[in-house]
Amino acid sequence: MSAYAILDRVRVAGISYPPTVYRALNDLIELGMVHRLQSRAAFVACDHGSCDGKAAFAICRECGKVVEISLSDKDERQLLALTPKDIVAEQITLEIAGLCASCRPAKAT
Ligand SMILES: [Zn+2]
Ligand SMILES: [Zn+2]
């Protein structure tokens, strides 16, 4: 969901001040309850209610369906091991783009 879509939704509930919404989003991201999708400038609710940021995402480029992939500590260590020496890793963003099952057959016909 984009920030604009979220603003539209909460406006119905009487919240129309964007900074309030952005602050709430940031809090939820910090709590691991919402994840930011870097490649789409969008936000997605955590599949597990909350996780500590160790997650990757597979995104259908057709319908925008997002599947959260949990990363183990081992996965994270292996990704961090790829970091070059002159960069100190702060955050890992891993997003896989593709087509979901329901978008594939539609494309074939
Ligand atoms: Zn999560
Ligand atoms: Zn799809």
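Which residues does Gly49 touch, not counting residues up to four places away in sequence? I began with this point and found that Gly49 touches Gly32 and Met33. I note at the outset that the model is predicted.

**Entry 1. Gly49**

I located Gly49 in the loop between S2 and strand S3 (55-60). I then looked up its accessibility: Gly49 has a relative accessible area of 41%. I recorded Gly49 as partly exposed, because 41% falls between the limits of 20% for buried and 50% for exposed. I also checked one distance from this loop residue. Gly49 and Ala89 lie 40 residues apart in sequence, and their C-alpha atoms are 26 Å apart in space.

**Entry 2. The chain as a whole**

I next turned to the overall layout. The chain holds four helices and five strands. Their order along the sequence is α-α-β-β-β-β-α-β-α. I looked up the extent of the C-alpha trace, which spans about 45 × 45 × 25 Å along its principal axes. The chain has 109 residues, of which 22% count as buried. I also looked up how contacts are distributed along the sequence. Taking contacts between residues at least 6 apart in sequence, I found that 31% join residues at least 24 apart.

**Entry 3. The zinc ion (ligand 2)**

Which residues are the protein donors of the zinc ion (ligand 2)? I found Cys60, Cys63, Cys100 and Cys103, each donating through its SG atom. These donors lie 2.2 to 2.3 Å from the zinc ion. In sequence I read their spacing as C-x2-C-x36-C-x2-C.

I then examined the geometry of the site. The angles among the four donor atoms run from 106 to 113°. I recorded the site as tetrahedral, because four donors count as such if all angles lie between 85 and 135 degrees. For reference, the ideal angle for four tetrahedral donors is 109.5 degrees.

Are the donors Cys100 and Cys103 buried or exposed? Cys100 has a relative accessibility of 10%, and Cys103 has one of 9%. I entered Cys100 as buried and Cys103 as buried, because the cut-off for that class is under 20%.

**Entry 4. The second largest pocket**

I looked up the second largest pocket and found a volume of about 200 Å³. Its lining consists of 13 residues. Those nearest the centre of this pocket are Ile6, Val10, Leu25, Leu28 and Val34. Helix H1 (3-12), helix H2 (18-30) and strand S2 (42-45) are the elements that give two or more residues to this lining. The largest share comes from H2, with five residues.

How many residues of this lining are nonpolar, polar and charged? I found twelve nonpolar residues, one polar residue and no charged residue.

**Entry 5. The largest cavity**

A search of the whole structure for cavities of 30 Å³ or more returned one. The volume of the largest cavity is about 30 Å³. I listed its lining as Val44, Ala45, Asp47, Phe57, Val66, Val67 and Glu68. S2 and strand S4 (66-70) each supply at least two of these residues. S4 gives the most, with three residues. By class, the lining of the largest cavity divides into five nonpolar, no polar and two charged residues.

**Entry 6. Glu68**

I followed up Glu68, one of the residues that line the largest cavity. Glu68 is found in strand S4. Its relative accessible area is 9%, so I recorded Glu68 as buried, the limit being under 20%.

With which residues is Glu68 in contact, leaving aside its neighbours within four places in sequence? I found His35, Ala45, Cys46, Asp47, His48, Cys51, Ala55, Ala56 and Phe57. Of these contacts, Ala45, Asp47 and Phe57 also appear in the lining of the largest cavity. I also looked up the separation of Glu68 and Ala42, which are 26 residues apart along the chain. Their C-alpha atoms are separated by 14 Å.

**Entry 7. Ala41**

My last entry concerns a backbone angle. Phi of Ala41 is near 50°, which is a positive value in a residue other than glycine. Ala41 is found in the loop between strand S1 (34-37) and S2. With a relative accessible area of 60%, Ala41 is entered as exposed, because that class begins over 50%.

Conventions: Residues are numbered from 1 along each chain as its sequence is written. Chains are lettered from A and ligands numbered from 1 in the order in which they are written. This is a predicted model: local features need pLDDT of at least 70, side-chain atom pairs count only at pLDDT 80 or more; totals for chains, interfaces and linings use all residues. Side-chain values use heavy atoms; hydrogens and water are left out. Donors are N, O and S atoms within 2.8 Å of the metal (3.2 Å for Na, K and Ca); water is not among the atoms, so sites may look incomplete. Four donors count as tetrahedral if all angles lie between 85 and 135 degrees; four count as square planar and six as octahedral if opposite donors are over 155 degrees apart and all others between 65 and 115; anything else is irregular. Buried means under 20% relative accessible area, exposed over 50%, partly exposed in between (1.4 Å probe, protein chains only). On a 1 Å grid over the protein atoms alone, a cavity is a set of points where a 1.4 Å probe fits but cannot get out, and a pocket is an open set with protein on both sides within 12 Å along at least five of seven lines; lining residues have an atom within 4 Å of a point. Grid points are joined across faces, edges and corners, and a volume is the space filled by probe spheres set on the points. Ala, Val, Leu, Ile, Met, Phe, Trp, Tyr, Cys and Pro count as nonpolar, Asp, Glu, Lys and Arg as charged, and the others, Gly among them, as polar. Contact means heavy atoms within 4.5 Å.
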